[in-house]
Amino acid sequence: MLIQEHVPLAPRTTIQVGGPARYFVEARTADDALAAVEFARSKSLALFVLGGGSNLVVSDKGWPGLVLKLAISGIEQRAEKGRAIFDVGAGEEWDKFVAFAVGKNCAGVECLSGIPGSVGGTPVQNVGAYGQEVAETIESVQALEVETLEVREIAKTNCGFSYRSSIFNTTERGRYIILKTTYSLTPSGTPKIEYADLKKYFAGWRETPTLADTREAVRQIRASKGMLITPGDPDCKSAGSFFKNPILSPEQHDELLRRAALKGLQVPSYPALESQKKVSAAWLVEHSGFSKGFIAGKAGISRKHALAIVNRGQATALDILSLKEQIQGRVKEIWGVQLAPEPVMVGF
Ligand SMILES: Cc1cc2nc3c(=O)[nH]c(=O)nc-3n(C[C@H](O)[C@H](O)[C@H](O)COP(=O)(O)OP(=O)(O)OC[C@H]3O[C@@H](n4cnc5c(N)ncnc54)[C@H](O)[C@@H]3O)c2cc1C
């Protein structure tokens, strides 16, 4: 295991901002991860676990401790009680696994095609898109507990999954290093085509779309929104959606509708848990003066997606955060809603 010093982190993230890691190491095995934790402990270093860097903004100062990059590979398939079970190393690229599963005609992750990042990153914020989320297919997560150095098998029921959330980014943040994730997929399954964009894409098709057709459709839709990492496309130098869709109480929702009605507008909103409502963050951003293509110096908003803050070239983390705060301030002022950022802030 090679421990490197002063390693730039910006090129290891999709938004490409931020300073270096004081120490940096790649773990190819569970033993490497354990040795890395012991190294951090011996030097009293703060530990940060890095996957594909697609949901991060690293501060301009960088990370003063050890960055542990998960590089555990491997996709193993087995059959169990009529299900196709996949044990996948945390360091595998997520979309490579999706392609593999679709290639094996297994359903359950096809709508999550094209999401950047690692397999180990998917349980953290319960990634979701186009009508699916990994909470529907994750069976369990194998993780190294940093405190005890024991490897634990965490069943999906103990992962605390909800919208963009799990124990790994809330109550147990920093407690575990995810080594492997197990997914349970449907062999010879049919694709889930419930999301409006997908239905529209397939409208007029004579044959029933296959899993592979669905994967291709999702990738094309994502590319049209700058949500597929495409070399040379400046609109995907981002951390994806920068804000979560806010979940409002009935009172907060009524207040938002009241403000919208005064302007003769209707807010797109969907039922969430219990009596709550999920509101479109993109709508709030666009109706607060930040349209697609908005420019704020070296930062800006993607020309294809109102929720993606982009690095327009040579931006600093400060440039990105200044725009984020400007947007949050305006949305709060106009709509009374506090937008929460989706990416993880590292070293601030
Ligand atoms: C263009 C673009 C489009 C995107 N579209 C979507 C989308 O449609 N839906 C969606 O949900 N997300 C989307 N994202 C966000 C992002 O791709 C996902 O959140 C992804 O799962 C993050 O994985 P990662 O490996 O890159 O994690 P990183 O960005 O490296 O890390 C994110 C967090 O997870 C933790 N983490 C990562 N790996 C591990 C591990 N092995 N053990 C413990 N903790 C770990 C990190 O410590 C950090 O807190 C998009 C991002 C981009 C840039």
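A residue counts as buried here if 20 or more other C-beta atoms lie within 10 Å of its own. Keep that in mind as you look around this predicted model: buried residues make up 45% of the 348 in the protein.

**Whole chain.** Start with everything in cartoon view. You should find 7 helices and 20 strands. Switch to the C-alpha trace, which spans about 60 × 50 × 40 Å along its principal axes. The radius of gyration is 21 Å, and a compact globule of 348 residues would come out near 20 Å, so the two agree. If you draw contacts between residues with a separation of 6 or more, 64% of them join residues 24 or more positions apart.

**The ligand.** Next, select the ligand and its surroundings: 33 residues form the shell, and the closest are Gly51, Gly117, Gly120, Gly121 and Gly240. Now highlight strand 3 (47–50), strand 9 (128–129) and strand 13 (176–187), the elements that each give two or more residues to that shell. Colour the shell by class and you get 18 nonpolar residues, 15 polar ones and no charged ones.

**Tyrosine 130.** From strand 9, step into the loop that leads to strand 10 (132–133); tyrosine 130 sits there. Is tyrosine 130 buried or exposed? It has 24 C-beta neighbours inside 10 Å, so tyrosine 130 counts as buried. Leave out its neighbours within four places in sequence, and the contacts of tyrosine 130 are Cys111, Tyr195, Asp197, Leu198 and Val218. For a last stop, put a distance line between the C-alpha atoms of tyrosine 130 and cysteine 111: it should read 5.6 Å, for residues 19 apart in sequence.

Terms used: Residues are numbered from 1 along each chain as its sequence is written. This is a predicted model: local features need pLDDT of at least 70, side-chain atom pairs count only at pLDDT 80 or more; totals for chains, interfaces and linings use all residues. A residue is near a molecule or strand if its C-beta atom, placed from the backbone, lies within 6 Å of it. Helices (H or I, at least four residues) and strands (E, at least two) are DSSP runs, numbered from the N terminus. Ala, Val, Leu, Ile, Met, Phe, Trp, Tyr, Cys and Pro count as nonpolar, Asp, Glu, Lys and Arg as charged, and the others, Gly among them, as polar. The radius of gyration is taken over C-alpha atoms; the globule rule is 2.2 Å times the number of residues to the power 0.38. A residue is buried if 20 or more other C-beta atoms lie within 10 Å of its own, exposed if 12 or fewer, and partly exposed in between; C-beta atoms are placed from the backbone. Two residues are in contact if their C-beta atoms, placed from the backbone, lie within 7 Å.
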